[in-house]
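Please open the structure in your viewer and keep the selection panel at hand. The stops below proceed from one selection to the next.

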Amino acid sequence: MSLYLLLQILNGCGGSSDDCTECEECKDCEKCEDCEECKDCEDCEKCEDCEDCEDCEYNLSDAKDNIESLNQEITDLNQEITDLNKAILNPDCPDDCSFTSRLDIVQKRGYVIVGVSGSAVAFSELGDDDSMTGFDADFGRALAAAIFGDDSQVEFVTLTASERFDAVQSGDVDVLIRNTTWAQSRDTDVGLDVGLDFGPIIYYDGQQLMGRESDGFSSQSTIADIDGLTICTNARTTTEKNITEEAKAAGITINLQTYEDFDTVIENFISGNCDIITTDRSALVGRKARQQPEGDNWVIFPATPISKEPLAPVYRQNDSIWADVVNWTIYATIIADEYGVTQGNVDSFDYEANPEMGRLMGQNDGQLQISMGLPVDAFYQVIKQVGNYDEIFTRNLNPVGITREESPNMNWKYGGLLYAPPAL
Ligand SMILES: N[C@@H](CCC(=O)N[C@@H](CS)C(=O)NCC(=O)O)C(=O)O
């Protein structure tokens, strides 16, 4: 319907004689009520001064019909949007397009599927006995403890950086916890595929470079010092983009080589094919601790990282039931760290004195967990079986020399950025 028609109706065209004076086309009509019957220009002729009336085909009852049919169109379009959203969330659609949260799928399956790297030192490492250990892996276990009361009800799927997002979009993994940086393009690009959503940041990282001391590098080296060199990293990462933009800004030329996985990057660094490697600082520290050859000294620079790399879990977008479960499992570990609730004292902690912790652990009132579709003691099981944030961090990252002190990964009360909303 045109705005003009709406104005006409609002102005009273087709209404009483008095109202007619407001109506552009009918204002000079002697027999103004005739105007209401005007359906087309022929009818218009009945009304002496309306002969050249262009919009005469509109009358009040046509307008009402128009509004009704437009409202119907809006309803149909809304239904289409709802169906499309359901289809996005349900891999079985179009056979079954009913809405199914990933939480239902996981609970019916009996275990949660978590995408990890499998070769990210101290974050997720696949052992010879097929065990998966590390910081990221422990958050996967925490999720299993929250949902099933058993941290072993988890299956890990190893993914390279370039495989990871497809695995979330296809529903092959329920959640991706794999050194993954929360970035605008990843969070918002709906494109033709299913989009992604990010959960809370579990590790504040930043990109740096690593070179050999024997090549003249030190922790004080800068981007300008890599001019003309071969720089290596793994494909489809934020790393690739950051180093390209950083080199351009510094006005230097680099030969950027990308490999499918970081094991290959390190092999090429050790063999001398790469002068410099670059990725998240946590990975450089871990690789140096594990793989630096005897007699060699690998150095990390520049002193200030070239980027922000907030690492966070990833799941399919538009499933807030599942998002709540992942997010609050992580928040529970952060809140427990804030109040000093650990694997060791979770059974003896004074919950009367700390009602927030009592609620979160399901000791006083577990209503909040129940309304999320989880057992009352979901987060108690997380702390009991896997530990709080500090325990997960210390156990996995301290052995390779990554510490929380003076880093953004400290709790907010101690100068860091780790901050969870309250369990209220
Ligand atoms: N955080 C960056 C980099 C992620 C990344 O792939 N990091 C490397 C270094 S930790 C890695 O996971 N390597 C392990 C592997 O290739 O399997 C991103 O999200 O793009």
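A residue counts as exposed if 12 or fewer other C-beta atoms lie within 10 Å of its own, and as buried if 20 or more do. The model shown is a predicted one.

**The whole chain**

Begin with the entire chain, which has 17 helices and 15 strands. Of its 424 residues, 40% count as buried. Among contacts with a separation of 6 or more, 65% are between residues 24 or more positions apart.

**The loop between β13 and β14**

Select Thr304, in the loop between β13 (298–301) and β14 (309–311). Is Thr304 buried or exposed? Thr304 has 8 C-beta neighbours inside 10 Å and therefore counts as exposed. Now add Gln208 to the selection: Gln208 is 96 residues from Thr304 along the chain, yet the C-alpha atoms of the two are separated by 7.9 Å.

Remain in this loop and select Pro302, which also lies between β13 and β14. The peptide bond leading from Phe301 to Pro302 is cis, with omega near -10°. In general, most peptide bonds are trans, and most residues other than glycine have a negative phi.

**Two residues with positive phi**

Next select Asp130, in the loop between β3 (124–126) and β4 (132–133). Asp130 is not a glycine, but its phi is positive, about 70°. With 7 other C-beta atoms within 10 Å, Asp130 is exposed.

Move to Asn179, in the loop between β6 (175–176) and α9 (184–188). Asn179 is likewise not a glycine and has a positive phi, of about 35°. Asn179 has 25 other C-beta atoms within 10 Å, so this residue is buried.

**The shell around the ligand**

Select the ligand and the 18 residues around it; Ala161, Thr181, Thr237, Phe262 and Ala283 come nearest. Where does the ligand shell lie with respect to domain 2 (102–194) and domain 3 (207–307)? Both domains give residues to the shell, so it lies between them. β2 (119–120), α10 (238–250) and β12 (276–280) each supply at least two residues of this shell. By class, the shell has 4 nonpolar, 11 polar and 3 charged residues.

**Helix α13 and its two partners**

Display α7 (residues 135–148) together with α13 (residues 320–339): their axes come within 10 Å and cross at roughly 105°. The two helices are therefore roughly perpendicular to each other. On the α7 side, the contact is made by Phe139, Ala142, Leu143, Ala146 and Ile147; on the α13 side, by Val325, Val326, Thr329, Ile330 and Thr333. This contact has 8 nonpolar, 2 polar and no charged residues.

Keep α13 in view and add α17 (residues 389–397). The axes of α13 and α17 are 6 Å apart, at an angle of about 95°. This pair, too, is therefore roughly perpendicular. Thr333, Ile334 and Asp337 of α13 meet Tyr389, Asp390 and Ile392 of α17. The residues of the contact of α13 with α17 comprise 3 nonpolar, 1 polar and 2 charged.

**Helix α16**

Finish with α16 (residues 378–385), a mostly covered helix in which 6 of 8 residues are buried. To see them, select Ala378, Phe379, Tyr380, Gln381, Val382 and Ile383. What covers the buried residues of α16? The cover includes α7, α13, α14 (355–360) and α15 (367–371). The last selection is Gly387, which follows α16 and has a positive phi, near 110°.

Methods
Residues numbered from 1 in each chain as written. Predicted model: local features only at pLDDT ≥ 70, side-chain atom pairs only at ≥ 80, totals over all residues. Near = placed C-beta within 6 Å. Helix = DSSP H or I, 4+ residues; strand = E, 2+ residues; numbered from the N terminus. Nonpolar A, V, L, I, M, F, W, Y, C, P; charged D, E, K, R; others polar. Domains from an automatic or database assignment. Axes fitted to C-alpha atoms, helices over the stretch in contact; angles between N-to-C directions. Parallel < 35°, antiparallel > 145°, perpendicular 65-115°, else oblique. Contact = placed C-beta atoms within 7 Å.
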